[in-house]
Amino acid sequence: MKLPRRFFQPLATGAPAPFRELPVRLERMIHFVPPHNDKVRARVPELAGTVDVVLGNLEDAVPADQKEAARKGFVAMAQATDFAATGTGLWTRINALNSPWILDDLFTIVAEVGSKLDVVMVPKVEGPWDIHYIDQLLAQLEARHGVTKPILVHAILETAEGVANVDAIASASPRMHGMSLGPADLAASRGMKTTRVGGGHPDYRVIADPAGDAPRASAQQDLWHYTIARMVDACMANGIKAFYGPFGDFSDGDACEAQFRNAFLMGCAGAWTLHPSQVAIAKRVFAPDPAEVAFAARIVEAMPDGTGAVMLDGKMQDDATWKQAKVIVDLAKLVAAKDPELAAVYKLG
Ligand SMILES: CCC(=O)SCCNC(=O)CCNC(=O)[C@H](O)C(C)(C)COP(=O)(O)OP(=O)(O)OC[C@H]1O[C@@H](n2cnc3c(N)ncnc32)[C@H](O)[C@@H]1OP(=O)(O)O
Ligand SMILES: O=CC(=O)O
Ligand SMILES: [Mg+2]
């Protein structure tokens, strides 16, 4: 492990110094674009103003014979739109570290559009050694190509080994932006018996004890609770952000919304959107409920210095509920700064 003094030093001569704190950004959805698909790519300029992050995906879902087209398409879409002008993040998901494509992905993208790129999403991260490799390589490429803003790294938590090492991954580098749960690859890696991308399974349930001849109640359980909780703790303990990943059934908006909302309530900042229909769901879910915001604002107002104990509507408030209220009010302010409709509803000063 690196000595604390050296943690924030650039890893290559001429590379920018890492951020001490993550830039504060609203990232309710990471919207996936297949850059080899000319039709979808053509929609990116219009899309950029409507989502918080546009991600050009180079990994899974891009056929092997289209990898080069996807890389070129990503460079073209990055050059064609001024993402910073609308406060939209520009990310790419590169191919896995053991694939034949990753070096060309990083060499091409940092050379061509490194200064426009906010975050590189790295799939199938198994442990801190994967982050160290990417960290060093990015520093060398930033130095070579005169990139002055550090490119951040976002890991996908999608292997059993990655989950076993989640804390070490979260603290591996000051370049870490956050982590996303990848339920599809994780299910395969764990030997789960599913064929879905996120969500529940009708057979994963608990059943009530028998009570005479009455039918026994049973309820579906959450397959992802344990992993999301581990990921959120690892991320928040290290000052980085946790995200739910993909939800594959585009026809089931209710289930997508429930999956996103559970992640939001447990501490996630956002989720992936793979289809335009999921963008509105993410906007609805990853912004606090106006009634919660109003109550949180009352708590903050009732305890100006955040200490002591007061009663509001029969409920005790103290330093700890003040901190919860701050989380909600701060997020509402971030959302309001980007969304005039919600700003009008939240009415925050
Ligand atoms: C499972 C683990 C993972 O790794 S998940 C991440 C990897 N997967 C992805 O990135 C998939 C991203 N999504 C897509 O490529 C498309 O949505 C796929 C799945 C191919 C479906 O597209 P399609 O058959 O055109 O759907 P559709 O007819 O319902 O589309 C309606 C209109 O919306 C467009 N659209 C579709 N997807 C996107 C998108 N991601 N971003 C922006 N636009 C999109 C379609 O082109 C279509 O447009 P139009 O109405 O015909 O003009
Ligand atoms: O990459 C995402 C996943 O669910 O796998
Ligand atoms: Mg995956």
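Trainee: How do you know that Asp185 makes a polar contact with ligand 2?

Mentor: This is a predicted model, and in it a backbone N or O atom of Asp185 lies 2.8 Å from an oxygen atom of ligand 2. A polar contact is a pair of N or O atoms within 3.5 Å, so this pair counts.

Trainee: What other polar atoms reach ligand 2, and which residues are around it?

Mentor: A polar side-chain atom of Glu158 is 2.9 Å from an oxygen atom of ligand 2. For Arg93, an N or O atom in the side chain is 3.1 Å from an oxygen atom of the ligand. The residues around ligand 2 are Arg93, Glu158, Gly182, Pro183, Ala184, Asp185, Pro246 and Trp272.

Trainee: What makes Glu158 and Asp185 donors to the magnesium ion, ligand 3?

Mentor: Distance again. Glu158 (OE) and Asp185 (OD) coordinate the magnesium ion at 2.1 Å. The cut-off for a donor to this metal is 2.8 Å, so both qualify.

Trainee: Why do you say that this pair ties parts of the chain together?

Mentor: Glu158 is in the loop between strand S5 (152-157) and helix H6 (160-164), while Asp185 is in helix H8 (residues 183-190), so the pair joins parts 27 residues apart in sequence.

Trainee: Are those two residues buried or exposed?

Mentor: Glu158 has 3% relative accessibility; buried means under 20%, so Glu158 is buried. Asp185, at 24%, falls between 20% and 50%, so Asp185 is called partly exposed.

Trainee: Let's move to ligand 1. How many residues surround ligand 1, and which are the closest?

Mentor: There are 17 residues surrounding ligand 1, and the closest are His31, Lys39, Arg43, Leu274 and His275.

Trainee: How do you know that His31, Leu274 and Arg93 make polar contacts there?

Mentor: A polar side-chain atom of His31 is 2.8 Å from a nitrogen atom of ligand 1. Leu274 uses a backbone N or O atom, also 2.8 Å from a nitrogen atom of the ligand. Arg93 has a polar side-chain atom 3.0 Å from an oxygen atom of ligand 1. With the cut-off at 3.5 Å, these pairs count as polar contacts.

Trainee: Now the rings. Why is the pair of Phe260 and Phe286 called tilted?

Mentor: The structure holds 6 aromatic pairs, and one of them joins Phe260 and Phe286, with 5.8 Å centre to centre and 45° between the planes. The centres are within 6.5 Å, so the rings pair; 45° is neither under 30 degrees nor over 60, so the pair is tilted.

Trainee: Where in the chain do those two rings sit?

Mentor: Phe260 is in helix H10 (residues 253-266), and Phe286 is in the loop between helix H11 (277-285) and helix H12 (290-302), 26 residues apart. Phe260 is buried at 0% relative accessible area, and Phe286 is buried at 1%.

Trainee: And what makes the pair of Phe264 and Phe286 edge-to-face?

Mentor: The ring centres of Phe264 and Phe286 are 5.7 Å apart and the planes are at 90°; that angle is over 60 degrees, so the pair is edge-to-face. Phe264 belongs to helix H10 and Phe286 to the loop between H11 and H12, so parts 22 residues apart in sequence are tied together.

Trainee: Why does Phe264 count as buried?

Mentor: Its relative accessibility is 19%, and the limit is under 20%, so Phe264 counts as buried. Ring pairs also link Tyr244, Phe260, Phe264 and Phe286 into a cluster.

Trainee: What makes you say that the charged end of Lys67 sits over a ring?

Mentor: The charged end of Lys67 is 4.8 Å from the centre of the Trp101 ring, and the distance limit is 6 Å. The charged end of Lys315 sits over the ring of Phe295, 5.6 Å from its centre.

Trainee: How do you know that His177 touches His154?

Mentor: Their side chains make a polar contact at 3.1 Å. His177 lies in strand S6 (residues 176-181) and is buried, with a relative accessible area of 3%.

Trainee: Where does UniProt place the domain?

Mentor: The record, an unreviewed entry, puts "domain: HpcH/HpaI aldolase/citrate lyase" at residues 31-275. In the model, the end C-alpha atoms of that span lie 8 Å apart, and the span is 40% helix and 18% strand.

Terms used: Residues are numbered from 1 along each chain as its sequence is written. Chains are lettered from A and ligands numbered from 1 in the order in which they are written. This is a predicted model: local features need pLDDT of at least 70, side-chain atom pairs count only at pLDDT 80 or more; totals for chains, interfaces and linings use all residues. Side-chain values use heavy atoms; hydrogens and water are left out. Donors are N, O and S atoms within 2.8 Å of the metal (3.2 Å for Na, K and Ca); water is not among the atoms, so sites may look incomplete. Helices (H or I, at least four residues) and strands (E, at least two) are DSSP runs, numbered from the N terminus. Buried means under 20% relative accessible area, exposed over 50%, partly exposed in between (1.4 Å probe, protein chains only). A charge sits over a ring if NZ of Lys or CZ of Arg is within 6 Å of the ring centre and within 35 degrees of the ring normal. UniProt positions are given in the numbering used here, feature names are shortened, and annotations may be inferred rather than shown by experiment. A residue is near a molecule or strand if one of its heavy atoms lies within 4 Å of it. A polar contact is a pair of N or O atoms within 3.5 Å; within protein, one must be able to donate a hydrogen and the other to accept it, and residues adjacent in sequence count only if both atoms are side-chain atoms.
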